[in-house]
Amino acid sequence: MTISSQNNTDAKQLKLEALYTSIESLRTEFRNGGYCPDLLEEEILILREKIRLILADQGRSAATNIVLTARLKRHSPGSNPWVCNFSGSGQYFAMKESEKRVNTLKDKTVLIMGGTSGIGLAAARQLATRGASVVVTGRNRERADQVRKDNPTLRTEIVDASSPTDLSRFYASMANFDDLVLCVSGAKGAGPFISLDISELRSGFEEKFFAQFQAAQAALPFLRKDGSLTFISAISARMANPGTVGLAAINGAIESMVRPLARELRPLRVNAISPGVVETPWWDRLPQELRDSSLQQAAAASLVGRNGSAGELGSAIEFVVTNGFVTGTVLEIDGGLHLV
Ligand SMILES: NC(=O)c1ccc[n+]([C@@H]2O[C@H](COP(=O)([O-])OP(=O)(O)OC[C@H]3O[C@@H](n4cnc5c(N)ncnc54)[C@H](OP(=O)(O)O)[C@@H]3O)[C@@H](O)[C@H]2O)c1
């Protein structure tokens with residue numbers, strides 16, 4: 001046997017093993033999740049054999065189709081309204097066509113206010129990768145230009161979410177869009193209650209609560225009625241950390257809006273993501289020493305022993321934007337900080 005044919009055989013063997021693992025997880029999933037509890041042992045054996053033969057000269061996608069076809073025949077004989085997608089990791093999804101339309105990002109425009117940095121930017125990249133047209137906004141033109149240069153698929157716009165004039169000009173120029181994510185915030189409002197400066201707290205509310213509030217309100221005429229609205233709050237709203245009473249109030253106010261808004265604006269889906277400590281440029285506003293010690297303390301307190309990444313928050317945003325069944329929810333993405 002030549003070296004190259006040995007390599008080919010090894011590659012095929014690897015593919016085969018990967019596929020067997022998928023079949024195993026499919027079977028476990030069927031059993032545990034009840035998708036297909038009556039899939040028989042012998043049927044799995046037959047499928048495996050078919051897969052082995054197909055792998056010999058075709059490849060994985062044809063083989064997985066066989067698995068799905070077998071499953072579909074059992075559960076949706078004749079013309080079936082189900083659309084199925086089986087990913088190589090063993091995950092299985094089944095959706096009706098109508099659900100699929102809601103859950104897809106294709107032909108959708110997602111607007112991320114405060115998307116030129118950190119969490120918003122990570123979400124923008126992930127949503128764009130999945131096929132959405134994504135528009136990100138910020139106030140700083142230099143930063144926006146850099147984002148556009150690094151991410152040519154993202155459209156960037158300069159908008160101050162605290163300015164009603166800016167908001168109406170911008171929304172009018174956007175025409176309609178499907179999903180709105182609000183990541184804007186300042187950094188004011190922290191400190192012990194006894195010495196908390198009320199004008200600082202008011203600024204904190206202006207920069208985050210009122211900025212997100214009015215950006216959401218002004219967007220309604222342009223936001224698709226069955227689209228989604230996602231606020232980004234902060235886990236301070238759900239903790240009992242001394243020195244964070246102002247931040248808890250600002251973010252608690254945002255989170256309190258989610259449930260009544262979800263009912264008032266239905267079928268628009270309204271959710272919030274409540275991040276723990278996430279290493280983004282947001283922390284660069286603090287003096288370096290304070291920044292480093294705060295991040296270290298937060299990582300040590302977290303149940304996972306570290307702080308979050310912008311990407312982890314980005315995928316949570318992607319989840320609420322793309323899952324048409326999620327509404328009225330505040331999702332804690334905080335490494336367990338809310339339990340500390
Ligand atoms: N990082 C964390 O540890 C953490 C923890 C809990 C909650 N959060 C929340 O997560 C959200 C995103 O934070 P991040 O860490 O990604 O912060 P970031 O890296 O500082 O990004 C903030 C983004 O918002 C934009 N922005 C701020 N105020 C704006 C305004 N008035 N109008 C338009 N754009 C505005 C900024 O761009 P310009 O400056 O150019 O305007 C930037 O694009 C915030 O609501 C924050 O409170 C973050």
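**Entry 1: strand β8 and its partners**

I looked up the pairing of β7 with β8 and found the parallel sense, over five bridges. Phenylalanine 231 has alanine 272 as its bridge partner in β8. I note here that the model is a predicted one. I then turned to β8 and β9, which also pair in the parallel sense over five bridges. Asparagine 271 has threonine 329 of β9 opposite.

I next checked the burial of β8, residues 269-275. Seven of its seven residues are buried, so the strand is largely enclosed by the rest of the structure. I sorted the residues of β8 by the way they point. Arg269, Asn271, Ile273 and Pro275 point one way, while Val270, Ala272 and Ser274 point the other way, and all are buried.

**Entry 2: the sheet as a whole**

I traced the sheet from edge to edge. Seven strands form an open sheet, and I recorded the order β5-β4-β3-β6-β7-β8-β9, with parallel pairing. Which strands stand at the edges? They are β5 (155-158) and β9 (329-333); each has a single partner strand, so one side of each is left without a neighbour in the sheet. For the turn between neighbouring strands of this sheet I noted 20 degrees on average, with direction ignored.

I also looked for a helix against the sheet. Helix α8 packs on it and touches β3, β6 and β7 (223-232). The direction of α8 makes about 170 degrees with that of β6.

For the chain, I counted eleven helices and nine strands.

**Entry 3: strand β3**

I examined β3 (residues 109-113) from both sides. With β6 (residues 177-182) it pairs in the parallel sense over four bridges. Isoleucine 112 has valine 181 as its bridge partner in β6. With β4, strand β3 pairs in the parallel sense over five bridges, and there the bridge partner of threonine 109 is serine 133. Strand β3 is mostly covered, as four of its five residues are buried.

I selected leucine 111, which is found in β3. It is buried, because 28 other C-beta atoms lie within 10 Å and the cut-off for a buried residue is 20 or more. Apart from neighbours within four places in sequence, leucine 111 is in contact with Val135, Met174, Phe177 and Leu180. I also took the C-alpha to C-alpha separation of leucine 111 and threonine 156: they are 9.8 Å apart in space and 45 residues apart in sequence.

**Entry 4: lysine 108**

I went back along the chain to lysine 108, in the loop between α4 (97-103) and β3. Is lysine 108 buried or exposed? It counts as buried, because it has 21 C-beta neighbours inside 10 Å. With neighbours within four places in sequence left aside, its contacts are Ala132, Asp178 and Asp179. I also recorded glycine 227, which is 119 residues away along the chain; its C-alpha atom is separated from that of lysine 108 by 9.5 Å.

**Entry 5: the nonpolar core**

I looked up the largest nonpolar core and found 59 residues in it. Those that touch the most other members are Ile112, Val134, Val181, Leu182, Ala215 and Leu313. Two of these names, Ile112 and Val181, are the bridge partners noted above for β3 and β6. In soluble globular proteins, nonpolar side chains tend to be buried together.

I followed leucine 313 further. Leaving aside neighbours within four places in sequence, I listed its contacts as Ile119, Ala122, Ile273, Pro275, Val278, Gly308 and Ile333. Of these, Ile273 and Pro275 point one way from β8.

For the chain of 340 residues, I noted that 32% are buried. Of the contacts with a separation of 6 or more, 66% are between residues 24 or more positions apart.

**Entry 6: the ligand shell**

I finally looked at the surroundings of the ligand. How many residues surround the ligand? There are 30, and the closest are Gly114, Gly118, Gly138, Asn140 and Ser185. The elements that give two or more residues to this shell are α5 (118-129), β4 (133-138) and α8 (198-219). Helix α5 supplies the largest share, three residues. I also sorted the shell by class and obtained 14 nonpolar, twelve polar and four charged residues.

Methods. Residues are numbered from 1 along each chain as its sequence is written. This is a predicted model: local features need pLDDT of at least 70, side-chain atom pairs count only at pLDDT 80 or more; totals for chains, interfaces and linings use all residues. A residue is near a molecule or strand if its C-beta atom, placed from the backbone, lies within 6 Å of it. Ala, Val, Leu, Ile, Met, Phe, Trp, Tyr, Cys and Pro count as nonpolar, Asp, Glu, Lys and Arg as charged, and the others, Gly among them, as polar. A residue is buried if 20 or more other C-beta atoms lie within 10 Å of its own, exposed if 12 or fewer, and partly exposed in between; C-beta atoms are placed from the backbone. Two residues are in contact if their C-beta atoms, placed from the backbone, lie within 7 Å. A nonpolar core is a set of buried Ala, Val, Leu, Ile, Met, Phe, Trp, Tyr and Cys residues joined through C-beta atoms within 7 Å. Two strands pair if DSSP finds at least two bridges between them. Axes are lines fitted to C-alpha atoms, for helices over the stretch in contact, and angles run from 0 to 180 degrees between N-to-C directions.
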